[in-house]
Amino acid sequence: MKPRNMILLLMLAVVFPATAAQAVHGNHAGMSPSSEAYMDGMNNMHEGMIKAVQDPDADRAFARSMIEHHKGAIAMAETELRYGKSPAMRKMAESIISA
């Protein structure tokens, strides 16, 4: 997601929570199983990051949002291991999970 779109999504989450949830949880019709898995992982990550940045303490907000960001990376890596075929990409996914 482009930074500009993420800012808009964060603004929506604060002002219009139902609208933001709808924007994050778009229709998955016609997506491949791997695309759906990637989308679900990203949606979960974004929801966690939106909650994290609402912490008024900048340091905690940063730490909590980075935790959510890295959980998203792990979810993407797990999706790669479930659906991916490339040995190089699978190796990268394994190293992301182990790190």
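## Starting at Ala-73

At a relative accessibility of 29%, Ala-73 falls in the partly exposed class (buried is under 20% relative accessible area, exposed is over 50%, and partly exposed sits in between, using a 1.4 Å probe and protein chains only). Ala-73 belongs to helix H4 (helices are DSSP runs of H or I with at least four residues, strands are E runs with at least two, and numbering goes from the N terminus). It also has a partner from another part of the sequence: Met-45 is 28 residues away along the chain, yet the two C-alpha atoms are 8.7 Å apart.

This is a predicted model, so local features need pLDDT of at least 70 and side-chain atom pairs count only at pLDDT 80 or more, while totals for chains, interfaces and linings use all residues. Residue numbers start from 1 along each chain as its sequence is written, and side-chain values use heavy atoms, with hydrogens and water left out.

## The overall layout

The protein is built from five helices and zero strands, so to speak a plain α-α-α-α-α run from the N terminus on. Of its 99 residues, 25% are buried. The accessible surface adds up to about 6900 Å², with carbon and sulfur atoms holding 63% of that (areas come from the Shrake-Rupley method with a 1.4 Å probe, and for residues only the protein chains shown count as cover).

As for sequence range, take the contacts with a separation of 6 or more: 30% of them join residues 24 or more positions apart (a contact means heavy atoms within 4.5 Å).

## How H4 meets H5

Helix H4 covers residues 58–83, and it packs with H5 at an angle of about 145°, the axes being 9 Å apart (axes are lines fitted to C-alpha atoms, for helices over the stretch in contact, and angles run from 0 to 180 degrees between N-to-C directions). The crossing of H4 and H5 is left-handed (the near helix is turned anticlockwise from the far one by less than a right angle; clockwise would be right-handed).

Ala-73 turns up again here: on the H4 side the meeting residues are Ala-73, Ile-74, Ala-77, Glu-78, Glu-80 and Leu-81. Facing them from H5 are Met-89, Arg-90, Ala-93, Glu-94, Ile-96 and Ile-97.

## A greasy spot on the surface

Ile-74, Met-89, Met-92, Ile-96 and Ile-97 make a nonpolar surface patch of about 380 Å² (patch residues have over 30% relative accessible area and no salt bridge; like charges are joined within 9 Å, and nonpolar side chains, meaning Val, Leu, Ile, Met, Phe, Trp and Tyr, within 5 Å). Helix H5, residues 87–98, is the biggest giver, with four residues in the patch.

Ile-97 is a good one to click on. It sits in H5, takes part in the meeting with H4 and is also in the patch. Ile-97 can be a patch member because it is partly exposed, at 33% relative accessible area.

## Salt bridges

The count comes to three salt bridges (a side-chain nitrogen of Lys or Arg within 4 Å of a carboxyl oxygen of Asp or Glu). Asp-55, Arg-60 and Arg-64 are linked in a network. Asp-55 pairs with Arg-60 at 2.9 Å, N to O, and with Arg-64 at 3.5 Å between the closest N and O atoms. Asp-55 is buried, at 14% relative accessible area, whereas Arg-60 is partly exposed at 46% and Arg-64 is partly exposed at 38%.

Lys-71 and Glu-68 form another bridge, their closest N and O atoms being 3.4 Å apart. These two are three residues apart in helix H4, which means about one helical turn separates them. Lys-71 is partly exposed at 48%, while Glu-68 is buried at 18%.

## Glu-68 and His-69, side by side

Besides its bridge to Lys-71, Glu-68 has company from elsewhere in the sequence. Setting aside neighbours within four places, it is in contact with Met-45, Gly-48 and Met-49.

His-69, also in H4, is partly exposed at 36%. With neighbours within four places left out, His-69 is in contact with Met-45 and Met-49. Met-42 is 27 residues from His-69 in sequence, with 9.0 Å between their C-alpha atoms.
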